[in-house]
Amino acid sequence: MQSITIEDTGTDVPILDLNGVSVFRSSKLILKDINLRVSKGEFVGIVGPNGSGKSTLLLSILGLLKIQNGSIRMFGQPPFSKQLYGKIGWVSQAAANLPRDVKITVRELVQLGTVNAKNMLKMFGNNNREQVNKSIEMVGLEDVQHIDIGRLSGGQRQRAVIARALASNSEFIILDEPLVGIDRDARNSLLKLLDNLCHEEGKTILMVSHDLTAMRQTAHRMIFLEETIRFDGDAKNFPDLSQLADLRGITHVHENMPSHTHAHTHTHSKEED
Ligand SMILES: Nc1ncnc2c1ncn2[C@@H]1O[C@H](COP(=O)(O)OP(=O)(O)OP(=O)(O)O)[C@@H](O)[C@H]1O
Ligand SMILES: [Mg+2]
């Protein structure tokens, strides 16, 4: 029997691999020595205080911000390499703030997601019809697909931008605060959708959110970021508030709360002789 050699798609190549990444913005150190490896099918949640560098991290991964040290690889490739076209979906922090006066329907917006450098010319054909239908259906916006996005609620708009990312058929979806400004029901259906994408479609998700409770319930793995990664592990082992204070090097103000008995702080204190 003749054996057929199948091209090695490298199942063990991580979807995302960051090594020793540091980022400065306006000569201020924002991210320091970030090491992060994400495998196919993982749902990774990133949390951290305002200004802790979460969006900076995502923008660096996307290649929109320059890194000063270290390396970033997606599917084994540096950001912006040709091999990554169509593989990465991005929902930005401002995605739901689409200008209200833009005359574009939900369907047209989603259709834009199918456009990439490779198929620009096909944009006006019918090639992507099914993909667009499926994406709209997945986020449950069939009924409003021909309505201008300016007339949608916050939650619907957020789902429309997610549908746009889905329409690109990306394997790796990166979302920055997709839960902001949407009500509880919309939030729950969105989380369910993202969870299904991981489990049923084998997508890999990296999502930033302030909603710690929602993240703990949905993400498999949680990262606490504040300049560097201070916790990275199973969502069910995510530290409680007092442990977080220790991780952040915050001293407890109440005397009956000893802060250093179990402190595993990652602060590197410089001791001078
Ligand atoms: N364009 C910029 N130029 C210089 N510094 C910036 C710029 N944008 C953000 N920063 C700084 O970088 C740091 C990290 O910002 P970033 O937006 O990554 O934080 P974040 O964790 O996403 O915060 P939030 O939770 O508010 O979205 C902040 O101190 C911020 O002031
Ligand atoms: Mg941000």
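Ile 174 touches Leu 58, Ile 61, Leu 62, Ile 88, Gly 89, Trp 90 and Leu 206, leaving aside residues up to four places away in sequence. The model you are looking at is a predicted one. Ile 174 is a good place to start, since Ile 174, Ala 160 and Ala 163 touch the most other members of the largest nonpolar core, which has 61 residues. The protein as a whole has 273 residues, of which 34% count as buried, and it has seven helices and nine strands.

**The nonpolar core**

- Helix α4, residues 154–167, supplies the largest share of the 61-residue core, namely seven residues.
- Where does this core lie? Domain 1 (1–87 + 171–251) and domain 2 (95–169) both give residues to the core, so it lies between the two domains.
- As a general point, nonpolar side chains tend to be buried together in soluble globular proteins.
- Contacts in the protein often link distant parts of the sequence: among those between residues at least 6 apart, 66% join residues at least 24 apart.

**Around ligand 1**

- Here is who surrounds ligand 1: Arg 25, Ser 26, Ile 30, Gly 48, Asn 50, Gly 51, Ser 52, Gly 53, Lys 54, Ser 55, Thr 56 and Gln 93.
- Sorted by class, this shell has nine polar residues, two charged residues and one nonpolar residue.
- Which element gives the most to the shell around ligand 1? Helix α1, residues 54–61, does, with three residues.

**Helix α1**

- Seven of the eight residues of α1 are buried, so the helix is largely enclosed by the rest of the structure.
- The buried residues of α1 are Lys 54, Thr 56, Leu 57, Leu 58, Leu 59, Ser 60 and Ile 61. Two of these, Leu 58 and Ile 61, are among the residues that Ile 174 touches.
- After α1 comes Gly 63, with a positive phi near 85°.

**Strand β7 and its partners**

- Is strand β7, residues 204–208, enclosed or open? Five of its five residues are buried, so β7 is largely enclosed by the rest of the structure.
- Thr 204, Leu 206 and Val 208 point one way from β7, while Ile 205 and Met 207 point the other way, and all of them are buried.
- On the side of strand β3, residues 43–47, the pairing with β7 is parallel and runs over four bridges. Gly 45 stands opposite Met 207 in this pairing.
- Strand β6 also runs parallel to β7, joined to it by five bridges. Here it is Leu 175 that stands opposite Met 207.

**Antiparallel pairs and hairpins**

- Strand β1 (residues 16–25) and strand β2 (residues 28–38) run antiparallel and are joined by seven bridges. Arg 25 has Lys 28 in β2 as its bridge partner.
- The β1 and β2 strands form a hairpin with two residues between them, and Ser 26 in the turn has a positive phi of about 45°. Arg 25 and Ser 26 are also among the residues that surround ligand 1.
- β1 has a link to β4 as well, again antiparallel, through five bridges. In this pair, Asp 17 has Arg 73 in β4 as its bridge partner.
- Further along, strand β8 (residues 221–226) pairs with strand β9 (residues 228–234) in the antiparallel sense over six bridges. Ile 223 stands opposite Asp 232 in β9.
- β8 and β9 make a hairpin with one residue between them, and Glu 227 in the turn has a positive phi of about 70°.

**Two loop residues with positive phi**

- Phe 80 is a residue other than glycine with a positive phi, near 75°. Its place is the loop between β4 (69–74) and β5 (88–91).
- Is Phe 80 buried or exposed? With 11 other C-beta atoms within 10 Å, Phe 80 is exposed, because a residue with 12 or fewer counts that way.
- Asn 169, which is not a glycine, also has a positive phi, of about 60°. Asn 169 sits in the loop between α4 and β6 (172–176).
- Asn 169 has 18 C-beta neighbours inside 10 Å and therefore counts as partly exposed.

How values were computed. Residues numbered from 1 in each chain as written. Chains lettered and ligands numbered in written order. Predicted model: local features only at pLDDT ≥ 70, side-chain atom pairs only at ≥ 80, totals over all residues. Near = placed C-beta within 6 Å. Nonpolar A, V, L, I, M, F, W, Y, C, P; charged D, E, K, R; others polar. Core = buried A, V, L, I, M, F, W, Y, C linked by C-beta atoms within 7 Å. Buried ≥ 20, exposed ≤ 12 C-beta atoms within 10 Å, placed from the backbone. Domains from an automatic or database assignment. Contact = placed C-beta atoms within 7 Å. Pairing = 2+ DSSP bridges.
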